[in-house]
Amino acid sequence: MTQPADQPHLVVIGGGAAGLLILRQLSHSPPVPNLKLTLIDHKAFFEYTPSLIAVLFAKEEEDVDRHYHTITRDYEDVARAWKFEFIGASVEHIDQGGVRVKGQSEPICFTHLVIAVGSLWAEPWSLPSSSNLLSRQERLADLRRHRQRYLEASSVLCVGGGPLSVEIGGEILTARPQTEVTIVSSSKHLLSEVPAKVGEAAKSILCRKNAKVIVGEKAREVSSGVYETSESKERLVADLVYLGQGSRPNTAFLSNSPLFAHQLTDKGNIRVDDHLRLHDHPNIYAIGDCNSVSEPKMFYTAHMQAIYFLQAFTSQLRNEEAPAYQGVLTSQIVSLGPSRGVAYTVGLSMTGYPFKEGSKLASVAKWAVERMSMDVASTKGLGNRALYAIQHRGGTVARMGKKVGCL
Ligand SMILES: Cc1cc2nc3c(=O)[nH]c(=O)nc-3n(C[C@H](O)[C@H](O)[C@H](O)COP(=O)(O)OP(=O)(O)OC[C@H]3O[C@@H](n4cnc5c(N)ncnc54)[C@H](O)[C@@H]3O)c2cc1C
């Protein structure tokens, strides 16, 4: 597993939100001169998942391909530009010998490892299977297949009241207002992770667009395609059902590995200490959706953990101890169609009040975060470092906000 300490070699499994930001930062400002960097991913490209909803439900046909291409980049190109090694393969196992990937007998050795394999999502967001390395073209073809099913549907049921369902409802009712959209939320307010007034604003905007929003009830599938609500026992039938919940950590491949036998929670998250490292394996970190940190599993939190990792890893290479990860303030930007949204960040709500269509500013913020995440104008590193400085719970903004009672 280990290599000589004078040649540190960081292997990153998963080039999504957390993994790609880590590689970008370490390749641009390596903390030691001879750091070797390797990315392993089972698809050939980076994809900015938060914009997939806007791609799939775009009003204009030509916007599907156009937008998709602006939110994806082939890892080969990125690796060439940022100077890291890319191995396009699926990780099947990690043991004392190193990382074992499909189709290769020799393990990939490392001195330090980041596991950032994210979540498994329900359709239509789950990756299609591919006999080779999944390409952008194959993914786009799969999204187009799902789009066709959506275009043929006249009613859609979204189970769950989180950002995914709210965004799906908002996009569909803007692009095809004649679609019957029902959202069922088990919590009393939509967007339960942010203050109730933000969820209430989202609900009233969706209802003005003729969505049916049922709150405080669960929806259970009683027979194929037929759902029933838990309290009012209302039967819901729709041409298409999107499950807003139900993602789980993408860690099944670790369950047979003795190294990880006691490192997975019941839900499959990798247990980490307060430095985001595995207990007993200080050179192995788990970052983002796949770890056991108790905070919302989001692109944003994966990015924030990646920025923390960069500090912790640099300290580790210098034989210093970094302060513990304290988490970040809640932040959510939820679009309600291409030009409106609602948001909550650093104690501020954006709902577009007193107007009733949502906030234009929230929509601009959503677009700006997309562009930053795609590293337009080299903003990915700087932008996320600035966000972390503002948002991390040990920082000045959080401490001051707590003192004056707005956070
Ligand atoms: C439709 C949709 C909309 C979303 N909208 C938002 C939003 O608006 N805001 C927000 O903050 N979050 C949003 N999220 C959540 C967000 O995408 C995730 O929380 C985030 O991507 C997690 O980052 P990560 O780095 O942990 O994992 P990911 O970004 O999921 O990256 C994991 C990577 O690991 C690779 N991988 C997995 N298993 C293996 C393996 N065995 N071998 C090799 N490679 C592997 C995958 O190919 C992938 O590249 C959304 C998610 C979806 C599906």
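The exercises below concern a predicted model and are each followed by a worked solution.

**Exercise 1.** Check whether the end-to-end distance of α8 agrees or disagrees with its expected span.

*Solution.*
- Step 1: α8 covers residues 299-317, and it has 19 residues.
- Step 2: The expected span is 1.5 Å times one less than the number of residues, so for α8 it comes to 27 Å.
- Step 3: The end C-alpha atoms of α8 lie 27 Å apart, which agrees with that value.
- Step 4: Past the helix, α8 is followed by N319, which has a positive phi near 55°.

**Exercise 2.** State how many residues of α8 are buried, and which elements supply at least two residues of the ligand shell.

*Solution.*
- Step 1: A residue is buried if 20 or more other C-beta atoms lie within 10 Å of its own; in α8, 15 of the 19 residues are buried.
- Step 2: At least two shell residues come from each of α1, β2, α2, α6 and α8.
- Step 3: The 35 residues around the ligand have G14, G16, G118, G288 and M298 as the nearest.
- Step 4: By class, the shell holds 20 nonpolar, eleven polar and four charged residues.

**Exercise 3.** Give the strand order of the six-stranded open sheet and place α1 and α4 on its strands.

*Solution.*
- Step 1: The order is β5-β2-β1-β8-β19-β18, with mixed pairing.
- Step 2: β5 and β18 are the edge strands, each pairing on one side only.
- Step 3: β2 and β5 run parallel, joined by four bridges, and I40 stands opposite I87 in β5.
- Step 4: α1 packs on the sheet and touches β1, β2 and β8, at about 160° to the direction of β2.
- Step 5: α4 lies across β2 and β5, running at about 165° to β5.

Note on methods. Residues are numbered from 1 along each chain as its sequence is written. This is a predicted model: local features need pLDDT of at least 70, side-chain atom pairs count only at pLDDT 80 or more; totals for chains, interfaces and linings use all residues. A residue is near a molecule or strand if its C-beta atom, placed from the backbone, lies within 6 Å of it. Ala, Val, Leu, Ile, Met, Phe, Trp, Tyr, Cys and Pro count as nonpolar, Asp, Glu, Lys and Arg as charged, and the others, Gly among them, as polar. A residue is buried if 20 or more other C-beta atoms lie within 10 Å of its own, exposed if 12 or fewer, and partly exposed in between; C-beta atoms are placed from the backbone. Two strands pair if DSSP finds at least two bridges between them. Two residues are in contact if their C-beta atoms, placed from the backbone, lie within 7 Å. Axes are lines fitted to C-alpha atoms, for helices over the stretch in contact, and angles run from 0 to 180 degrees between N-to-C directions.
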